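Open the model in your viewer and keep the sequence panel beside it. The tour below goes stop by stop, saying what to select and what is there.

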Amino acid sequence: METKILVNGTAATVAFIGRLDTPSATQVDALLKEQVMNEVVIDALIDCEQLSYISSSGLRILISMHKYCLRKGGQLTIRNIASDIKEVLDMTGFTHILHIE
């Protein structure tokens, strides 16, 4: 799993590459808390174009980022979702909670 983060003022773009599963979630969560959910960023964009798998641990990260952005008065946007990952988001009801483009 690779995570690329670009912070520009109060906006952050995060690209997930590979599998966001239980083994990688702890590191990804720590990285996001340090670089994105740090009281500066208000809006976040997650690019899932190269995300091949997401586990429940990965879903927890999405909800955590969503809640953080809401508390700051911003928005979390998720885009470029593969169909199999979209199915997971549909089945869990996340498509009704998260802003997906």
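**Stop 1: Ser-57 and its neighbours**

Select Ser-57 and show what is around it: leaving out residues up to four places away in sequence, Ser-57 touches Asp-21, Thr-22 and Ala-25. Keep in mind throughout that this is a predicted model. Ser-57 sits in helix H2. Is Ser-57 buried or exposed? Its relative accessible area is 15%, and because the cut-off for buried is under 20%, Ser-57 counts as buried. Now display the side chains of Ser-57 and Thr-22, which are joined by a polar contact of 3.3 Å.

**Stop 2: the rest of helix H2**

Extend the selection to residues 56–71, which make up helix H2. The helix has 16 residues. From its first C-alpha to its last, H2 reaches 23 Å, close to the 22 Å expected at 1.5 Å a residue.

Colour the buried residues of H2 next: Ser-57, Gly-58, Leu-59, Ile-61, Leu-62, Ile-63, Met-65, His-66, Tyr-68 and Cys-69. What covers these buried residues? The cover includes strand S2 (11–20), H1, S3, S4 and helix H3 (83–92). Step just past the end of H2 to find Gly-73, where phi is positive, at about 85°.

**Stop 3: Asp-21 and Arg-19**

Go back to Asp-21, one of the residues touched by Ser-57. Asp-21 forms a salt bridge with Arg-19, and the closest N and O atoms are 3.5 Å apart. The two partners fall into separate accessibility classes: Asp-21 is buried, at 16% relative accessible area, while Arg-19 is partly exposed, at 44%. As background, side chains of opposite charge can pair when their charged atoms come close. How many salt bridges does the structure hold? There are 5 salt bridges in the structure, and the next two stops visit others.

**Stop 4: Lys-72 and Glu-39**

Select Lys-72 and Glu-39, whose side chains meet in a salt bridge at 3.2 Å, N to O. This pair links distant parts of the chain, 33 residues apart. Lys-72 is in the loop between helix H2 and strand S4 (76–79), and Glu-39 is in the loop between helix H1 (22–35) and strand S3 (43–54). Lys-72 is partly exposed, with a relative accessible area of 28%, whereas Glu-39 counts as exposed at 58%.

Stay on Glu-39 and check its backbone. Phi of Glu-39 is near 75°, a positive value in a residue other than glycine. Most residues other than glycine have a negative phi.

**Stop 5: Arg-79, Glu-101 and Asn-80**

Select Arg-79 and Glu-101 for another salt bridge, with the closest N and O atoms 2.5 Å apart. Arg-79 lies in strand S4 and Glu-101 in the segment after strand S5 (99–100), so this pair ties together parts that are 22 residues apart in sequence. Arg-79 counts as partly exposed, at 31% relative accessibility.

Then move to Asn-80, in the loop between S4 and H3. Which sign does phi of Asn-80 have, positive or negative? Phi of Asn-80 is positive, at about 60°, although Asn-80 is not a glycine. Asn-80 is partly exposed, with a relative accessible area of 36%.

**Stop 6: the whole chain**

Clear the selection and switch to a cartoon view. The secondary structure comes to 3 helices and 5 strands, which follow the pattern β-β-α-β-α-β-α-β along the sequence. The radius of gyration is 12 Å, close to the 13 Å that the globule rule gives for 101 residues, so the protein is as compact as a globular protein of that length. Turn the C-alpha trace along its principal axes: the spans are about 35 × 25 × 20 Å.

Colour by accessibility next. Buried residues make up 44% of the 101 residues. Switch to a surface view to finish: the accessible surface comes to about 5500 Å², and 50% of that belongs to carbon and sulfur atoms. For a last look at contacts, take those between residues at least 6 apart in sequence: 69% of these join residues at least 24 apart.

Definitions and conventions:
Residues numbered from 1 in each chain as written. Predicted model: local features only at pLDDT ≥ 70, side-chain atom pairs only at ≥ 80, totals over all residues. Heavy atoms only, no water. Salt bridge = Lys/Arg side-chain N within 4 Å of Asp/Glu carboxyl O. Buried < 20%, exposed > 50% of the residue type's maximum accessible area, 1.4 Å probe, protein only. Helix = DSSP H or I, 4+ residues; strand = E, 2+ residues; numbered from the N terminus. Polar contact = N/O pair within 3.5 Å; in protein donor to acceptor, adjacent residues only side chain to side chain. Contact = heavy atoms within 4.5 Å. Expected span 1.5 Å × (residues − 1). Rg over C-alpha atoms; globule rule 2.2 N^0.38 Å. Areas by Shrake-Rupley, 256 points an atom, 1.4 Å probe, with all protein chains shown as cover.
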